[in-house]
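Colleague: I would like to go through this structure with you, asking at each step what lies behind the words. Could you begin with the terms for accessibility?

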Amino acid sequence: NSNMLKIGLTGSTGSLGKVILRYNKKRGIKSFRDDITKRKKVFKWIKENDFDVVIHLAAIVPIKKVNKNKTKANNVNLNGTKNIVDACLESNVSWMFFSSTSHVYNSSKNKIAESFPTKPISFYGNTKLQAEKYIIKKFEKNKISYCIGRIFSTTNKDQKKGYLIPDLKNRIKKSKKKIYLKNLNHFRDFISMINISKIIFSLLDKRFKGIINIASGKSLHLRDIAKIILKKYNKKNYEFIDNKIETSLIGNISKLKKITKLKINDPVKRLIF
């Protein structure tokens, strides 16, 4: 019974971490409250709590923030993950979930399956791909089960600044004059944090091992999201300025559906407001 498991969580102050804690109070999840790049602290936390399971979400995610300080992003996303993995190997952890990203793939007109070649679309995607490789290499040798969840686009009502939708809402809401909306000619696949949380625990119950896409499988054009926000705030004076390249990252979720049997349905408006 996964309710009896000792579960450790990193990244508990991020949007997804908060949702996981809010909806899983009965599970007695213990959060790591320190910096995952501090190796000794990570080892101490995992050893003292004797976890059965670790859910590792801590990372620097917003692309702007990652690109501003690549060294720091690499240190947290890759070296921090190495600390978690190495500490798990010296403990009784039997399953680890790692939140990866659709950014490990390249843009594709087709829905992207787990078997697609990896070709990171961003520096952020590259830090996550390197972390994935480390997990696979270390855990395969030691027969520990790992689950790498490649999460596509996500949002929720209280998502922090630095992400597309909150930043878009903020800009549109505050604007007094004509709004120029740049670089929104892209297709993305959005899934709510609540659904991601349900999926992670469903994968835990099944002890799923391997790589899996976590997405809705539905294509959303970013311009359409902007239009919903513009309408909501009653803004009529705007112009879209497209990027030269239109990209598309939509998940093929046939594997996810088979394993979790969850209904993933997020009406766009509910995702945004």
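Modeller: Buried stands for under 20% relative accessible area, exposed for over 50%, and partly exposed for what lies in between, with a 1.4 Å probe and protein chains only. This is a predicted model, in which local features need pLDDT of at least 70 and side-chain atom pairs count only at pLDDT 80 or more, while totals for chains, interfaces and linings use all residues. Residues are numbered from 1 along each chain as its sequence is written, and side-chain values use heavy atoms, with hydrogens and water left out.

Colleague: Why is Tyr 233 called partly exposed?

Modeller: Its relative accessible area is 23%, and because the partly exposed class lies between 20% and 50%, Tyr 233 belongs there. Phe 273 also counts as partly exposed, at 23% relative accessibility.

Colleague: And why does Tyr 146 count as buried?

Modeller: Tyr 146 has 6% relative accessibility, and the class is set at under 20%, so Tyr 146 is buried. Phe 139 is buried as well, with a relative accessible area of 0%.

Colleague: What makes Phe 139 and Tyr 146 an aromatic pair, and what makes that pair tilted?

Modeller: Rings of Phe, Tyr and Trp (its six-membered ring) pair if their centres lie within 6.5 Å, and planes under 30 degrees apart count as stacked, over 60 as edge-to-face and the rest as tilted. The structure holds seven aromatic pairs. For Phe 139 and Tyr 146 the centres are 6.4 Å apart and the angle between the planes is 40°, so the distance meets the limit and the angle falls in the tilted class.

Colleague: Why is the pair of Tyr 233 and Phe 273 called edge-to-face?

Modeller: The ring centres of Tyr 233 and Phe 273 are 6.0 Å apart and their planes stand at 80°, so the pair is edge-to-face. This pair links distant parts of the chain, 40 residues apart, with Tyr 233 in the loop between α8 (222-232) and β12 (238-241) and Phe 273 in the segment after α10 (268-272); helices (H or I, at least four residues) and strands (E, at least two) are DSSP runs, numbered from the N terminus.

Colleague: How do you know that the charged end of Lys 232 sits over the ring of Phe 273?

Modeller: A charge sits over a ring if NZ of Lys or CZ of Arg is within 6 Å of the ring centre and within 35 degrees of the ring normal. The charged end of Lys 232 sits over the ring of Phe 273, 4.8 Å from its centre, and that of Arg 223 over the ring of Phe 240, 5.6 Å from its centre.

Colleague: What makes β1 and β3 paired strands?

Modeller: Two strands pair if DSSP finds at least two bridges between them. Four bridges join β1 to β3 (residues 53-56), and these strands run parallel, so the condition is met. In β3, His 56 is the bridge partner of Thr 10. Two bridges join β1 to β2 (residues 30-31), again in a parallel arrangement, where Leu 9 stands opposite Ser 31.

Colleague: Why do β11 and β13 count as edges?

Modeller: Three strands form an open sheet in the order β11-β8-β13, with mixed pairing. β11 (220-221) and β13 (248-249) each have a single partner strand, so one side of each is left without a neighbour in the sheet. Between β8 (residues 187-188) and β11 there are two bridges, and the strands run antiparallel.
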